[in-house]
Amino acid sequence: MIRIRRRGGAVLPEPPSHLSARDLLSEALSGILQRPGRSALTLLGTVLGIGAFVAVLGLTATATGQIGEHFSLTKATTVTVTDQPRADGVAPGANPPSDFPADADHRIAAIDGVRAGGVWWPVPGSPTLSRRPDGPDEGTGLSVLAATPGAVAAMEPTLTAGIGLDEFVQKTAQPVVLLSEAAAKRLGVSRLDAQPAVFIDRVPYTVVGIYTDVQRQPGALLSLIIPANTALEHFGNPSPQPDRGAQGLVATRVGAAPVVATQLPLALRPDAPHAFTVVPPPDPHSLQDNVTSDLTGLFLALAGICLLVGAVGIANTTLVAVLERTAEIGLRRSLGARTGHIAAQFLTESTALGTLGGLIGTGLGVVTVVGVAAAREWTAVLQPATTLPAPLIGTVVGLLAGLYPALRAARTDPLKALRST
């Protein structure tokens, strides 16, 4: 509204009113504090969104080092080999012999960079497992693996009792067995001082060791392991099926796996290296990046939802404030406030709520990252490029959330607003 005044008998238009930044902030703070409970609840959505944003990025960066360490110690030191046995000259119905030589363990161990390596396979068929020769099959969910001593060493089992398989039991095809903890519990074997035996297809096998964990070949956690030569005598050649055939398992020193993978086929069969398919370890950096990207994408989506909820809360609160303060808006307009002043006031209120929520959320996110890292004994990693702009994101959310309510307040008709009082 433009007022007029008289100066020297002349009627002059009064200059348009102005609203300083200090007055604007004062009015916005007053509007926020009029309903402290509602303002606090409105802040919560933005606090959660920004807190989740900072925590996700911080925890992802912190966990990246742990993921990379795990991959470098396990995945990057494991090489697997498979063969495709030919059935030429094999009787119908019989499994062809494996392409792996009888001295595969020694040939693999001769490669520079190899710590242990050998051959293993699931025994053909579904052998029955029991504690007594005439007892019922107690092996549901368990499998029987044939393995050379080098393959067992490459699996790196954690023995809780007894010993592993050695060259003697392999060469003499002894009927001995290693039990996983799950298999030992299923078959009722808890101690080895009485030299207990389990029956595989009604044949007794002396239990020489029990293990609880393996570093490689996790399928062995639900298995019984017998010497490879013993399995050849009792069960015949490995199955030719790709997922049931003989496989080589090699544990290498860190950094040696790529070179070992290129040398394995020639070391195993100089006359037919093409008979083997070597699977080198995945690139730890790309694998780590894929896992990190997946986790970041998932949790950032959750953070985005929280931010959306916060924006809706700010917009709703600001809109309700516009409706409740219709009379105030009408009075301000009648006293000379322009539409821009009204819009700026409500926009400042919503932006202030967003900024405050961003600051509190950033603090909570940082505390969460440090707390989780301390609990897990990790080194907390917080990137300044992602943490410092977080309060600004809250400001932008508040600004965008307040646009519609501010424009609605600015379009309020002062005459109708005053009549509604």
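These exercises explore a predicted model, each with a worked solution.

**Exercise 1. Find what strand 4 pairs with, and state how covered it is.**

Step 1. Locate strand 4 at residues 114-122.

Step 2. Check its cover. Eight of its nine residues are buried.

Step 3. Take strand 12, residues 247-252. It pairs with strand 4 in the antiparallel sense, over six bridges. One bridge sets Gly117 against Val250 of strand 12.

Step 4. Take strand 6, residues 143-147. Three bridges join strand 6 to strand 4, and the two run antiparallel. Here Pro122 stands opposite Leu145 of strand 6.

Result: strand 4 is mostly covered, and it pairs with strand 12 and with strand 6.

**Exercise 2. Work out how the buried residues of helix 8 are arranged around its axis.**

Step 1. Find helix 8 at residues 257-268. It has twelve residues.

Step 2. Compare its span with expectation. From first C-alpha to last, helix 8 reaches 16 Å, close to the 16 Å expected at 1.5 Å a residue.

Step 3. List the buried residues of helix 8: Ala257, Val260, Ala261, Leu264, Pro265 and Leu268. They cover an arc of only 135° around the axis, so they sit on the same side of helix 8.

Step 4. Recall the helix rule. An α-helix has 3.6 residues a turn, so residues three or four places apart point the same way.

Step 5. Turn to the face directed away from the buried side. That face of helix 8 carries the exposed residues Thr262 and Leu266.

**Exercise 3. Trace the salt bridges of Arg269.**

Step 1. Pair Arg269 with Asp99. Their closest N and O atoms are 3.7 Å apart. The cut-off for a salt bridge is 4 Å, so this pair counts.

Step 2. Place both residues. Arg269 lies in the loop between helix 8 and strand 13, and Asp99 in the loop between strand 3 and helix 3; the two are 170 residues apart.

Step 3. Check their cover. Arg269 is buried, at 18% relative accessibility. Asp99 is buried too, at 7%.

Step 4. Pair Arg269 with Asp271. Here the closest N and O atoms are 2.9 Å apart. Salt bridges with shared partners join Asp99, Arg269 and Asp271 into one network. Asp271 is exposed, at 57% relative accessibility.

**Exercise 4. Describe the salt bridge between Asp112 and Arg253.**

Step 1. Read the N to O distance: 3.3 Å.

Step 2. Place the partners. Asp112 is in the loop between helix 3 and strand 4, and Arg253 is in the loop between strand 12 and helix 8, so the pair ties together parts 141 residues apart in sequence.

Step 3. Check exposure. Asp112 is exposed, with 62% relative accessible area. Arg253 is partly exposed, at 43%.

**Exercise 5. Which residues form a nonpolar patch on the surface?**

Step 1. Name them: Leu392, Val396, Leu400 and Leu403. Together they have about 370 Å² of accessible area.

Step 2. Find the main contributor. Helix 13, residues 390-401, gives the largest share, three residues.

Step 3. Look at Leu400. Its place is in helix 13. Leu400 counts as exposed, because its relative accessibility is 57% and the cut-off is over 50%.

**Exercise 6. Place Gln195 and Asp201, and give the phi of each.**

Step 1. Recall the background. Most residues other than glycine have a negative phi.

Step 2. Take Gln195. Its phi is positive, about 50°. Gln195 sits in the loop between helix 6 and strand 9, and is exposed at 63%.

Step 3. Take Asp201. Its phi is also positive, near 55°. Asp201 lies in the loop between strand 9 and strand 10, and is partly exposed at 35%.

Notes
Residues are numbered from 1 along each chain as its sequence is written. This is a predicted model: local features need pLDDT of at least 70, side-chain atom pairs count only at pLDDT 80 or more; totals for chains, interfaces and linings use all residues. Side-chain values use heavy atoms; hydrogens and water are left out. Patches are made of residues with over 30% relative accessible area and no salt bridge: like charges are joined within 9 Å, nonpolar side chains (Val, Leu, Ile, Met, Phe, Trp, Tyr) within 5 Å. Accessible areas come from the Shrake-Rupley method with a 1.4 Å probe; for residues, only the protein chains shown count as cover. A salt bridge is a side-chain nitrogen of Lys or Arg within 4 Å of a carboxyl oxygen of Asp or Glu. Helices (H or I, at least four residues) and strands (E, at least two) are DSSP runs, numbered from the N terminus. Buried means under 20% relative accessible area, exposed over 50%, partly exposed in between (1.4 Å probe, protein chains only). Two strands pair if DSSP finds at least two bridges between them. The expected span of a helix is 1.5 Å times one less than its number of residues. The arc is that of the directions from the helix axis to the C-beta atoms.
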